[in-house]
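Me: I would like to go through this model carefully, one question at a time. Could we begin with where things sit along the chain, and then move on to how the parts pack?

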Amino acid sequence: MMMQSVSRPKLIKNIVILGGGTAGWMTAAALSKALKPDNIQIKLVESEQIGTVGVGEATIPHIRTFNSLLGISESELMQATEATFKLGIQFKGWGNKDSDYFHPFSDFGEAYQQINFQNLYLKAKQAGLKLPFDNFSTAIAASREKKFCFAQNLPPPLLNNYSYAYHLNATAYARFLRQYSEQRGVKRVEGKVTAIKTKLPDGDICSLTLDNGKTVAGELFIDCSGFRALLIGQLLKSDYQDWSHWLKCDSAIAIQSPLHSSPHPYTQAIAHQAGWYWHIPLQTRCGNGIVYSSQYLSDQQALVQLQAKIGLSKNARINGPIRFRPGVRQRAWVKNCIAIGLSSGFLEPLESTSIHLIQASIFKLIELMPADNQFALARAEYNRLINYEYNTVRDFIILHYYLNQRKEAFWQDCQSIDIPDSLKHKIETFKLTGILTENQQGLFFKPSWQSVLFGQGLTPKQTDPRADLMTNQQALDFVLRYLDKQDETVRQMPGHDCWLNQIGVMR
Ligand code: FAD
């Protein structure tokens, strides 16, 4: 008779994180805070020789939740990472070449009874309003004036979900989290992984062997090895869903430049003929980059274009070209290995979602953390949740490219892609009815979609019948009164640089 071998439950006592980029140290920091150090030992393996991807400086507001759960003070973090505040993203040239709109981290305007702001705005337009939708946002008005304040300083209608994030030095952030993690018992192991041992019968990973002869063993492995995806991809062969038919950019070059004027509290995403540039001001320097499709722009052309754009000498240190393939692992958790960060997927830098996806993965892992190695259920649920998260971000990013009216070959190509059905449904419903079908979960809510849809020239054909409680003229008067309040509030706000000068003193 054949004996079936059954693996016995084994308590997780050793967690091994491979990789010390933003993903690795965020994971180490969060696990060292969430798990009891007496029960579980966390080791992080990284190779100075390989280094990190060295980009990723713009964040979204969720990072504040991550930092506060870790108990990190905002001023300490901002000092350590040269951070500035970020109220949103300015998109230049994304609709047509002259278009210019913002995506803020806050809601627009003010509702009147049950008439939401979008309907008031559409009615006001019928009464002659010429202003763009994004003029009705305190965060955007403040951004344009290089001003900043915290939500608690705003009067009621203006604090409408007002929020902010940071621009930060990603290398310094990883260093800061390394210190945090080591103080909580995480052991860092230097070395390059040259071999991986798995065991029978289940094929789980049991140890990593390094080029210096060290062996690092564990029951759970977290692959934060970046684009190399050493464990989840090279070893475990988790399939990669390639989304490059939807997202055409596959390359980037980054260059830092000196700061010539006081930093503005927003990221810039400026479209060019075959992709876009980013511009991210920190306290003392700027992060710049060009994202492009190698099918439409050569690396050399991209570099020359970027250098010309930021007016830099040819001697400035260049990071890239960095190649990427937009997409996500079919399963981020395979056997006893969970991929977090670039190893699990990457769409592209637009909308600064990668650090958020790292954070979301960590939180889901902590919620589902198994006590022993019988983790089939946790694994299935984790993979389901991560897939959902990536899909909602994917649709939102595709929207920016799809909804353009530019004439260059790259942009025409983006206009003609066969977008996912979920996005098609969302755009068509909005166009006809003005309704934005909400995600039940996911990252981007109504104001984010409104920013891009209105910003790139799509206006709904109709208003909600409830809006007929008001005449068009009344709606116009109402939105203009809102604008007066907003302008007066922004006039009184301190400058963004005032806050930066006082970090650690005022808060
Ligand atoms: P990496 O930083 O590449 O780290 C990989 C780690 O694995 C390193 O420590 C390396 O030494 C280690 N490693 C690899 N192989 C081995 C081995 N064999 N042995 C030992 N160690 C090994 N995200 C945002 O949120 N906002 C942005 O504005 C943003 N901009 C981006 C711009 C570009 C052009 C790109 C490409 C990405 C951007 N991202 C952004 C994404 C962001 O950079 C990453 O999500 C983040 O840096 C996490 O990277 P990582 O830690 O997964 O990988």
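Me: Where is the place of P201?
Reply: Residues are numbered from 1 along each chain as its sequence is written. The model is predicted, and local features are reported only at pLDDT of at least 70 and side-chain atom pairs only at pLDDT 80 or more, while totals for chains, interfaces and linings use all residues. P201 is joined to L200 by a cis peptide bond with omega of about 5 degrees. Taking helices (H or I, at least four residues) and strands (E, at least two) as DSSP runs numbered from the N terminus, P201 is placed in the loop between β8 and β9.

Me: In which strand does P321 lie?
Reply: P321 is also at a cis peptide bond, which joins it to G320 with omega of about 0 degrees. Most residues other than glycine have a negative phi, and most peptide bonds are trans. P321 lies within a strand that spans residues 318-323, namely β17.

Me: In the loop between which two elements is the place of Q113?
Reply: Q113 has a positive phi, near 45 degrees, although it is a residue other than glycine. Its position is in a loop, with a strand at 100-104 and a helix at 117-126 on either side, which are β5 and α4.

Me: In what order do the three strands of the open sheet with antiparallel pairing stand?
Reply: Strands count as paired if DSSP finds at least two bridges between them. β8 and β9 are joined in the antiparallel sense by five bridges, and β9 (residues 205-210) pairs with β10, also antiparallel, over three bridges. The resulting open sheet therefore has a strand order that follows from pairs defined by at least two bridges, and that order is β8-β9-β10. β8 (193-198) and β10 (215-217) each have a single partner strand, so one side of each lacks a neighbour in the sheet, and the edges are β8 and β10.

Me: Which residue in the turn between β9 and β10 has a positive phi of about 90 degrees?
Reply: The bridge partners of T209 and S207 in β10 are T215 and A217, respectively. The hairpin of β8 and β9 has six residues between its strands, with G203 at a positive phi near 80 degrees. The hairpin of β9 and β10 has four residues between its strands, and the residue with a positive phi of about 90 degrees in its turn is G213.

Me: At about what angle do α1 and α6 pack?
Reply: Axes are lines fitted to C-alpha atoms, for helices over the stretch in contact, and angles run from 0 to 180 degrees between N-to-C directions. α1 and α6 are roughly parallel, because angles under 35 degrees count as such (over 145 is roughly antiparallel, 65 to 115 roughly perpendicular, and the rest oblique). Helix α1 (residues 22-34) and helix α6 (residues 170-183) have their axes 9 Å apart, and the angle between them is about 30 degrees.

Me: Which residues in α1 meet α6?
Reply: Two residues are in contact if their C-beta atoms, placed from the backbone, lie within 7 Å. On the α6 side, the residues met are A170, Y173, A174, L177, R178, Y180 and S181. On the α1 side, the residues are T22, W25, M26, A28, A29 and S32.

Me: Which are the edge strands of the open sheet of six strands?
Reply: The sheet runs in the order β7-β2-β1-β11-β20-β19 and its pairing is mixed. Each edge strand pairs on one side only, and these strands, at 187-190 and 333-334, are β7 and β19.

Me: Which residues are closest to the ligand?
Reply: A residue counts as surrounding the ligand if its C-beta atom, placed from the backbone, lies within 6 Å of it, and 39 residues do so. α1, β2 and α9 (354-368) each supply at least two of the residues in this shell. By class, the shell has 18 nonpolar, 17 polar and four charged residues, where Ala, Val, Leu, Ile, Met, Phe, Trp, Tyr, Cys and Pro count as nonpolar, Asp, Glu, Lys and Arg as charged, and the others, Gly among them, as polar. The closest are G19, G21, G56, G226 and G341.

Me: Within how many Å do the axes of α4 and α14 come?
Reply: α4 and helix α14 (residues 472-492) cross at roughly 115 degrees. That angle makes α4 roughly perpendicular to α14. The axes come within 7 Å.
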